[in-house]
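Charged side chains are a good place to start reading a model. Let us go through them by question and reply.

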Amino acid sequence: MAAGGAASGSRPPRTKAPQARRGPSGGVFGDPVERARAICLRLLTGTPRTRKQLADALRKRDIPEEAAEEVLSRFEEVGLIDDGAFAEAWVESRHHGRGLARRALARELRTKGVESTLIDEAVAQLDSEQEEETARELVARKLRATRGLERDKRLRRLAGMLARKGYPEGMALRVVRQALEEEGEDTEFLEGEGF
C-alpha cells in the first residue's frame, strides 16, 4: 500500500505538524530565548511594533525577563525594532489617514511606549501650517453633513470633531469660523470671544 499511513485506512491527526515544531516541554521550542525570538518575529511580521509592545507581549507569555531583554536588544541592534522609525511612520500614517493633530498623535505614541524625545522628533514633522491645512480639509468634508442645522449646533459639531482629533481650541474655532463664513453664515457672535 501507499506510504503515509494509508494501510491503516485513516489520516494522521491534524496535530502532528504543529507538534513537530514544538519542543520536548510542549512549548514552542524549549529555550526561552528561542521562544522569545519566535514570538517577536511573528508579531513583527504583520505590523511594526515598539519595544514596549513586544516586551509586554513577551511578559504576557511568561518569557523570563533576561531572555526577553536579550532578544529585544538584539532586535534593536539589527534594526528590527526601531521606535524612532515607528513613531515617524505612525505620525505620517495617522495624520494623513485620520487627520490627527500633533497632540493626539503624541498621546497615541505615549500609550505605545515610545520615549518622549522620539515622540517630540516625530511630531515635529508636522508644522502648524500643515496641521491647519488638514483641519480645513476635515471641516470642509464634514461641513456638508451639517447643512440645515442651527449655526451654534454646526459650530459645536465641527469644533468638537477637531477637538477629538487633538486640534487646539483656538485653531479649531478659527478654522470652523472661516469655513462657516465662506458658506455665508453669520459668525459675528464669535468675534466678541476673540475668534
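The dialogue below deals with salt bridges and with one acidic residue that lacks one.

Q: How many salt bridges does a search of the whole structure find?
A: Start with the idea. Side chains of opposite charge can pair when their charged atoms come close. Keep in mind that this is a predicted model. Here the search finds 14 salt bridges.

Q: Which residue meets R37 in a salt bridge?
A: The partner is E34, with an N to O distance of 2.5 Å. Both residues sit in helix 2 (residues 32-46). They are about one helical turn from each other, because they are 3 residues apart.

Q: Are R37 and E34 buried or exposed?
A: Neither label fits. R37 is partly exposed, at 26% relative accessibility. E34 is partly exposed too, at 31%.

Q: Where in the chain do E131 and R102 lie?
A: First the bridge: the side chains of E131 and R102 meet at 2.9 Å, N to O. This pair links distant parts of the chain, 29 residues apart. E131 belongs to helix 8 (residues 128-146), and R102 to helix 6 (residues 102-111).

Q: Why does E131 count as buried?
A: Buried means under 20% relative accessible area. E131 has 2%, so it counts as buried. R102 has 26% and is partly exposed.

Q: What is the spacing of R177 and E181 in helix 10?
A: They are 4 residues apart, about one turn of the helix, which covers residues 169-182. Their side chains form a salt bridge at 3.1 Å, N to O. R177 counts as buried, at 14% relative accessibility. E181 is partly exposed, at 37%.

Q: Which residues are joined into one network by salt bridges that share partners?
A: R51, E69 and E76 are joined in this way.

Q: What is the nearest side chain of opposite charge to D83, and how far away is it?
A: It is R51, at 6.7 Å. A salt bridge needs the nitrogen within 4 Å of the carboxyl oxygen. D83 is buried and has no salt bridge.

Q: What lies 3.0 Å from a polar atom of the D83 side chain?
A: The backbone nitrogen of R51 does. So read backbone and side chain separately: the R51 side chain is the one at 6.7 Å, and a salt bridge counts side-chain nitrogens.

Q: Where is D83 placed, and which residues does it touch?
A: D83 is in helix 5 (residues 83-98). Leaving out residues up to four places away in sequence, D83 touches R49, T50, R51, G113, V114 and L118.

Definitions and conventions: Residues are numbered from 1 along each chain as its sequence is written. This is a predicted model: local features need pLDDT of at least 70, side-chain atom pairs count only at pLDDT 80 or more; totals for chains, interfaces and linings use all residues. Side-chain values use heavy atoms; hydrogens and water are left out. Helices (H or I, at least four residues) and strands (E, at least two) are DSSP runs, numbered from the N terminus. Buried means under 20% relative accessible area, exposed over 50%, partly exposed in between (1.4 Å probe, protein chains only). Lys and Arg count as positive and Asp and Glu as negative; His and the chain ends are not counted. A polar contact is a pair of N or O atoms within 3.5 Å; within protein, one must be able to donate a hydrogen and the other to accept it, and residues adjacent in sequence count only if both atoms are side-chain atoms. Contact means heavy atoms within 4.5 Å.
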